[in-house]
Amino acid sequence: SAASDRLLGCAMALSAGLLFGLNFDPVFWAIKKENLKNSSSPDVILPYVFWHFTGILVTSTVYLVVATLVFNRGKVYNVDGAMIVP
């Protein structure tokens, strides 16, 4: 029903917001730990952002390739190049 769909959507949105908020906890932990060990390490988040999101990109790309290899098992799809790069 519409009410249960709305409730499910709100719960999923809250879960996504919580996970997005927890996304940078390892970065803040690394900044705090490095500042305790070395006073010359940067105490702002910007130098860490590129590598954080590069790690996310690499990890999700590896997951995509593995899932494609596992679940497609030899199926070949003809994809028009204009769908990927317009």
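**Reading a predicted helical model**

Modeller: This predicted model has one aromatic pair, counted where ring centres of Phe, Tyr and Trp (its six-membered ring) lie within 6.5 Å, with planes under 30 degrees apart called stacked, over 60 edge-to-face and the rest tilted. The partners are Phe50 and Trp51, whose rings meet edge-to-face, 4.9 Å from centre to centre and with 75° between the planes.

Biologist: Are Phe50 and Trp51 buried or exposed?

Modeller: Buried stands for under 20% relative accessible area, exposed for over 50%, and partly exposed for what lies in between (1.4 Å probe, protein chains only). Phe50 is exposed, and Trp51 is exposed as well. Across the 86 residues of the protein, buried residues make up 7%.

Biologist: How many helices and strands should I look for?

Modeller: Helices (H or I, at least four residues) and strands (E, at least two) are DSSP runs, numbered from the N terminus. Here you will find four helices and zero strands, so that the pattern along the sequence reads α-α-α-α.

Biologist: In which of these helices is confidence lowest, and in which is it highest?

Modeller: Confidence is given by pLDDT, the predictor's own score for each residue, from 0 to 100. H2 has the lowest confidence, with a mean of 72, whereas H1 has the highest, at 91. For the whole protein the mean pLDDT is 80, and 86% of the residues reach 70 or more. Where pLDDT is low, the predicted coordinates should not be read in detail. Local features therefore need pLDDT of at least 70 and side-chain atom pairs 80 or more, while totals for chains, interfaces and linings use all residues. Residues are numbered from 1 along each chain as its sequence is written, and side-chain values use heavy atoms, without hydrogens or water.

Biologist: Why does His52 count as buried, and why does Tyr63 count as exposed?

Modeller: His52 is placed in helix H3, and it counts as buried because its relative accessibility is 16%. Tyr63 also has its place in helix H3, which covers residues 46-72, but Tyr63 counts as exposed because its relative accessibility is 59%.

Biologist: Which residues is His52 in contact with, leaving aside its neighbours within four places in sequence?

Modeller: Contact means heavy atoms within 4.5 Å. Under that exclusion, His52 touches Asn23, Phe24 and Val27. Phe24 sits in the loop between helix H1 (2-22) and helix H2 (25-37). Phe24 itself, again leaving aside neighbours within four places, is in contact with Ile45, Val49, His52 and Phe53.

Biologist: How many residues apart in sequence are Phe24 and Tyr48?

Modeller: Phe24 and Tyr48 are 24 residues apart in sequence, and their C-alpha atoms are 9.8 Å apart in space.
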